[in-house]
Amino acid sequence: MSAVPPPQSVLLARQWVVNYFNAQSDEAARGFIAPDYALDIGDHLLAGRDTQWLPAVAQQFAQFPGMGMTVHQVLPGSGEKADRVALCFSEHGASGGAGGPVAVWSGVAIYYARGEHLVFCCAQEDYATRGRQLRQGTTDPVDPPAPAPWDTPALGTSPEAEAVVRLWLAQSWPRVSAEVRVDDEHITGMPLYFEVESTEVLDLFSSGSDVAFRVHQRGRYRGGLPGVPARDRMEVLKLNGIVRVLDGAVCSGRVIRDRGGLKARLLKD
């Protein structure tokens, strides 16, 4: 049986992780990332590879000189969404370098390709859990790596699985399924309470029974953020995730929400 070559989106994701990020090589990035590349993360849009995005990442590399990325899942799109790939990953390193406090924080990102270049990324990274570890002097475990992330095939779309996930995303937080790990709640046991009133799906695609999404939820914060009382006003909770559907229900997965951005807005006034 002949091997199936991975989609172009997966090959680009490999360059991102191996050649650019883990090597901390701006030169490598310029070889496959378009000059007009933009990153949408939390409440920030970093538009321009050389003017905004690379300098911003360089600041992280300066704070965590040995920082690296471990990939836990790769999900390539198919059909009209074959230009994108979702990654579930962890970043980890010592603040200030060797001997400094060590943190591990998770993220879910969707990368968009144009030909042989990446042109856009929307991501959520759990900076709140990074801050918790640095303050407390504890280090969370790194989840197991995907055994063959760069050999992941595109399995085709599943409208049925996508419909299940759209309904699931309309529910409020917290959820009852312990198999869907959300932020660091499986570590701290402290859930975020957010009453969802409407859901805007900015992107959603499937590969077999797995579904990746980028979503903005509008609703009311009801508690769960340390030092932030409930507020009776409309807020936006931004989240990315990859979940699996089995027997008509979401059964497992990873979701990262922009708790930091939500907290900053709640404390602003």
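This is a walk through the sheets, helices, cores and empty spaces of one structure. The model is predicted.

Start with the six-stranded sheet. This open sheet of 6 strands runs in the order β2-β1-β6-β5-β4-β3, and its pairing is mixed. Its edges are β2 (44-47) and β3, each paired on one side only. From one strand to the next, the twist averages 20°. Helix α3 packs on this sheet and touches β1, β2, β4 and β5. The direction of α3 makes about 60° with that of β1.

Follow the sheet inward from the β3 edge. β3 and β4 pair in the antiparallel sense, over 8 bridges. On this seam, Met-69 stands opposite Glu-91 in β4. The next seam joins β4 to β5, again antiparallel, with 11 bridges. Two of its pairings can be picked out by residue. Ala-94 stands opposite Val-102 in β5, and Val-85 has Tyr-111 of β5 as its bridge partner. In general, strands of a sheet pair through backbone hydrogen bonds, either parallel or antiparallel.

How many residues of β4 are buried? The count is 10 of 11, so β4 is largely enclosed by the rest of the structure.

Now turn to what fills the space around these strands. The largest nonpolar core has 35 residues. Trp-16, Tyr-20, Tyr-37, Trp-53, Leu-87, Tyr-111 and Leu-118 touch the most other members. Elements that each supply at least two residues include the helices α1 (8-21), α2 (26-32) and α3 (49-63). Strands do so too, among them β1 (33-41), β3 (68-76), β4 (84-94), β5 (102-114) and β6 (117-125). The largest share, 7 residues, comes from α1.

Trp-16 shows how this core is knitted together. Leaving aside neighbours within four places in sequence, Trp-16 is in contact with Phe-21, Phe-32, Ile-33, Tyr-37, Trp-53, Met-69, Tyr-111 and Leu-118. Two of these partners have already appeared in the sheet. Met-69 faces Glu-91 across the β3-β4 seam, and Tyr-111 is bridged to Val-85. Apart from this core lies another, of 26 residues, with Ala-161, Trp-173, Leu-204 and Leu-266 among them. In soluble globular proteins, nonpolar side chains tend to be buried together.

Next comes helix α4, residues 127-136. α4 lies across β1, β5 and β6, running at about 160° to β5. Which residues of α4 are buried? They are Thr-129, Arg-130, Gly-131, Arg-132 and Gln-133. These buried residues pack against α3, β5, α6 (185-188) and α7. After α4 comes Gly-137, with a positive phi near 75°.

The other sheet is also open. Its 5 strands have the order β7-β11-β10-β9-β8, with mixed pairing. The edge strands are β7 (180-182) and β8 (193-207), each pairing on one side only. Neighbouring strands here are turned by 25° against each other on average, direction ignored. Within this sheet, β10 (residues 234-246) runs antiparallel to β11 (residues 249-257), joined by 8 bridges. Here Asn-240 stands opposite Ile-256 in β11.

Two helices pack on these strands. Helix α5 (residues 159-168) touches β7, β8, β9 (210-223), β10 and β11. The direction of α5 makes about 160° with that of β8. Helix α7 (residues 259-268) lies across β8, β9, β10 and β11, at about 165° to β10.

Finally, look at the empty space. The structure holds 1 cavity of 30 Å³ or more. The largest cavity encloses about 50 Å³. Its lining includes Asp-40, Gly-42, Cys-122, Ala-123 and Gln-124, along with Arg-214, Val-215, His-216, Lys-238, Leu-239 and Asn-240. Two or more lining residues come from each of β6, β9 and β10. Asn-240 is thus a familiar name: besides lining this cavity, Asn-240 faces Ile-256 in β11.

The largest pocket holds about 480 Å³ of space. Of its 30 lining residues, Leu-39, Ile-41, Gln-60, Glu-125 and Tyr-127 are the closest to its centre. Which element gives the largest share of this lining? Helix α3 does, with 6 residues. α3 therefore recurs across the tour: it packs on the six-stranded sheet, supplies the largest core and lines the largest pocket.

Notes
Residues numbered from 1 in each chain as written. Predicted model: local features only at pLDDT ≥ 70, side-chain atom pairs only at ≥ 80, totals over all residues. Heavy atoms only, no water. Pairing = 2+ DSSP bridges. Helix = DSSP H or I, 4+ residues; strand = E, 2+ residues; numbered from the N terminus. Axes fitted to C-alpha atoms, helices over the stretch in contact; angles between N-to-C directions. Contact = heavy atoms within 4.5 Å. Core = buried A, V, L, I, M, F, W, Y, C linked by side-chain atoms within 4.5 Å. Buried < 20%, exposed > 50% of the residue type's maximum accessible area, 1.4 Å probe, protein only. 1 Å grid on protein atoms, 1.4 Å probe; cavity = no way out; pocket = protein on both sides within 12 Å on 5 of 7 lines; lining within 4 Å. Points joined across faces, edges and corners; volume = space filled by probe spheres on them.
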